[in-house]
Amino acid sequence: MLRASLLAAARSPLARKAVEGNPLTRSVVNRFVAGARTPDAVEATRALIGSGRAVTIDYLGEDTTDIADATTTVDAYVTLLSALADQGLASGADVSVKLSAVGQALPGDGHKIALENARLIAEAAKGVGATLTLDMEDHTTTDSTLDTLQELRTDFPWVGAVIQAYLHRTLGDARDLAVAGSRVRLCKGAYQEPASVAYQTKSEVDRSYVQCLRVLMEGAGYPMVASHDPRIVKIAGELGTGRDFEYQMLYGIRPQEQLAIAGRGDTMRVYVPFGIQWYGYFMRRLAERPANLAFFLRALVTRG
Ligand code: FDA
């Protein structure tokens, strides 16, 4: 119920105004977002790489309804990749891109515009030795995103996909994607989805996660295990013994566990969001965990 309300608020312009307009929110946002500008993302990357972790960086923005905003997002990624290269931090880095931020939702040619924009980012990534992963958004975009993935992979076979264990369809998608050279991030899923397409209880989602994980680990691709769930992390370690895969967690969440995983020699990639449009991302993090919401409310009360 609380999760549903927070996810509804994540899409509400009114709630957005109220949260963004509150100056006290900022200190809490800083826990989950690396900063507003490119140098902030570069510094966060430097610190993470220095501590033995890898990065995937997300320029925050989604649901772009204006072609100029889509171009701004492409430019932000190109600038970021070049700044990382200047600092010797680009090789092995990844960028995560939401197709809705580069035009997918534009009426008419949205799919085509997003594909061309993603191609520009992939070119820039290739030029500096980085990779690109297409984030997955709500279920109405899954087919378009997977089609874009296939088209991009013709020229950039290292472009990665995300699949969401909460969707009924995902076990099939995992089978299709578990092929040689295919980078696949498996997450539980962060959007509010109807029972017609998605599992609704944690135990169902967890069961689906483990089934999909098994398919990815037994397949020929490169699994990327995106979860903070200690049980999932443990199962991934068991299923992945002797094969190449990586763990992924979000910036600011379970940092000690991130360091422990990296410290034992496994690849731990941290998803680093930056930019001024943090609202949707931030609200989805609050919805995931009551403790995050309590932390947020406590900060507001204490500072107030
Ligand atoms: P879940 O939320 O079920 O939590 C399980 C357990 O993990 C908790 O009980 C607790 O023990 C631990 N835990 C979780 N949060 C914690 C915290 N803040 N502090 C301490 N412990 C905590 N989603 C999507 O729809 N599309 C996408 O493209 C992506 N991309 C993505 C990339 C990466 C790198 C990650 C890690 C996640 C995503 N997600 C995503 C988000 C994902 O779908 C999901 O919403 C969150 O990861 C939360 O799910 P968990 O698997 O972490 O477990």
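Helices (H or I, at least four residues) and strands (E, at least two) are DSSP runs, numbered from the N terminus. The structure is a predicted model, in which local features need pLDDT of at least 70 and side-chain atom pairs count only at pLDDT 80 or more, while totals for chains, interfaces and linings use all residues. Residues are numbered from 1 along each chain as its sequence is written, and side-chain values use heavy atoms, with hydrogens and water left out.

**View 1. Gly189 lies in the loop between β5 and α9 (202-218).** Leaving aside neighbours within four places in sequence, Gly189 is in contact (heavy atoms within 4.5 Å) with Arg3, Gln164 and Tyr166. The C-alpha atoms of Gly189 and Val162, which are 27 residues apart along the chain, are separated by 9.5 Å.

**View 2. Twenty-six residues, counted by a heavy atom within 4 Å, surround the ligand.** Among these 26 residues, Met136, Gly189, Ser227, His228 and Glu288 come nearest to the ligand. By class, the shell holds eleven nonpolar, six polar and nine charged residues, with Gly counted as polar.

**View 3. Oxygen atoms of the ligand pair with polar atoms of Glu288, Gln164 and Asp229.** For the side chains, an N or O atom of Glu288 is 2.6 Å from a ligand oxygen, and an N or O atom of Gln164 is 2.9 Å from a ligand oxygen. For Asp229, a polar backbone atom is 3.4 Å from an oxygen atom of the ligand. Taken alone, the ligand exposes 940 Å², of which the protein buries 85% (Shrake-Rupley method, 1.4 Å probe).

**View 4. Several elements contribute to the shell around the ligand.** Those giving two or more residues are β4 (161-164), β5 (183-187), β7 (246-250) and α12 (279-288), and the largest share, three residues, comes from β7.

Note on methods:
A polar contact is a pair of N or O atoms within 3.5 Å; within protein, one must be able to donate a hydrogen and the other to accept it, and residues adjacent in sequence count only if both atoms are side-chain atoms.
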